[in-house]
Amino acid sequence: MLELFIVACSIVALLLAAFWLWEGRKEDDLPRMKGWPLLGNFFQVGSRPELTYAEWAKQLGPVFAVKMLHKEFVVVNSFEGIDEVLVQKGNTFAYRPQDS
């Protein structure tokens with residue numbers, strides 16, 4: 001019985017690792033902080049997200065993506081980033097997925 005439990009835990013761990021690696025490999029995506037599988041950056045943001053996003057903008061640039069649980073958000077952290085998102089690349093960022 002213990003062997004079956006160990007095998008089941010190993011399979012779940014491998015599937016989570018594969019999901020985590022696959023999730024982070026998007027070619028035409030925005031820069032992002034590495035997060036936890038399934039949770040994304042939920043626990044990394046903290047109680048003051050604006051301060052966390054300002055720190056991350058120093059590393060990633062003025063426009064980056066954040067994943068919270070199963071939703072992905074675009075963070076725009078400067079006037080230059082707003083210009084990039086709304087004016088220069090407006091068609092790219094115009095798509096809004098429907099909530100289900």
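**Figure 1. The whole chain at a glance.** Five helices and two strands make up the chain, and this is a predicted model. Following the sequence from start to end, you meet these elements in the pattern α-α-α-β-β-α-α. Of the 100 residues in the chain, 20% are buried. The accessible surface comes to about 8100 Å², and carbon and sulfur atoms account for 65% of it. How many of the contacts between residues at least 6 apart in sequence join residues at least 24 apart? The share is 37%. The close-ups that follow visit one region at a time.

**Figure 2. Helix α3 and its buried face.** Here we look at helix α3, which has twelve residues, 49-60. At 1.5 Å a residue, this helix should span 16 Å, and its end C-alpha atoms are 15 Å apart, which agrees. Which residues of α3 are buried? They are Thr52, Tyr53, Trp56 and Ala57. Seen down the axis of α3, the buried residues fall within an arc of 140°, so they line one face of the helix. The cover over these residues includes α2, β1 (63-68) and β2 (71-76). Just after α3 comes Gly61, and its phi is positive, near 105°.

**Figure 3. A salt bridge within helix α3.** Stay with α3 and turn to Glu55 and Lys58, which form a salt bridge with their closest N and O atoms 3.1 Å apart. Both residues lie in this helix, three residues apart, about one turn of the helix. Glu55 has 42% relative accessibility and counts as partly exposed, whereas Lys58, at 67%, counts as exposed. This pair belongs to a set of three salt bridges in the structure, and the next two legends introduce the others.

**Figure 4. Arg48 and Glu50 meet side chain to side chain.** In this view, a salt bridge joins the side chains of Arg48 and Glu50, at 2.7 Å from N to O. Are these residues buried or partly exposed? Arg48 counts as partly exposed at 46% relative accessibility, and Glu50 counts as partly exposed at 41%.

**Figure 5. Glu72 and Arg32 link two parts of the chain.** The salt bridge between Glu72 and Arg32 has its closest N and O atoms 2.8 Å apart. Glu72 sits in strand β2 and Arg32 in the loop between α1 and α2, so the pair ties together parts that are 40 residues apart in sequence. Glu72 is partly exposed, with a relative accessible area of 37%. Arg32 is partly exposed too, with a relative accessible area of 26%.

**Figure 6. Asn41, a buried residue in a loop.** Where does Asn41 lie? Its place is the loop between α1 (2-23) and α2 (42-45). Buried means under 20% relative accessible area, and Asn41, at 2% relative accessibility, counts as buried. Look around Asn41 and, setting aside neighbours within four places in sequence, you will find contacts with Met33, Lys34, Gly35, Trp56, Val66, Lys67 and Met68. One of these partners, Trp56, already appeared among the buried residues of α3.

**Figure 7. Val63 and its surroundings.** Val63 has its place in strand β1. With 6% relative accessibility, Val63 counts as buried. Which residues does Val63 touch, not counting those up to four places away in sequence? The answer is Leu30, Pro31, Val74, Val75, Val76, Gly81, Glu84, Val85 and Phe93. For one of these partners, Val85, the C-alpha to C-alpha distance from Val63 is 7.9 Å, while the two residues are 22 apart in sequence.

**Figure 8. A nonpolar patch on the surface.** Our last stop is a surface patch formed by Trp36, Leu38, Leu39, Phe42, Phe43 and Leu69. Together, these nonpolar residues have about 630 Å² of accessible area. Leu69 comes from the loop between β1 and β2. At 37% relative accessibility, Leu69 counts as partly exposed.

Note on methods:
Residues numbered from 1 in each chain as written. Predicted model: local features only at pLDDT ≥ 70, side-chain atom pairs only at ≥ 80, totals over all residues. Heavy atoms only, no water. Helix = DSSP H or I, 4+ residues; strand = E, 2+ residues; numbered from the N terminus. Buried < 20%, exposed > 50% of the residue type's maximum accessible area, 1.4 Å probe, protein only. Contact = heavy atoms within 4.5 Å. Expected span 1.5 Å × (residues − 1). Arc of directions from axis to C-beta. Areas by Shrake-Rupley, 256 points an atom, 1.4 Å probe, with all protein chains shown as cover. Patch = residues over 30% accessible without salt bridge, like charges linked within 9 Å, V, L, I, M, F, W, Y side chains within 5 Å. Salt bridge = Lys/Arg side-chain N within 4 Å of Asp/Glu carboxyl O.
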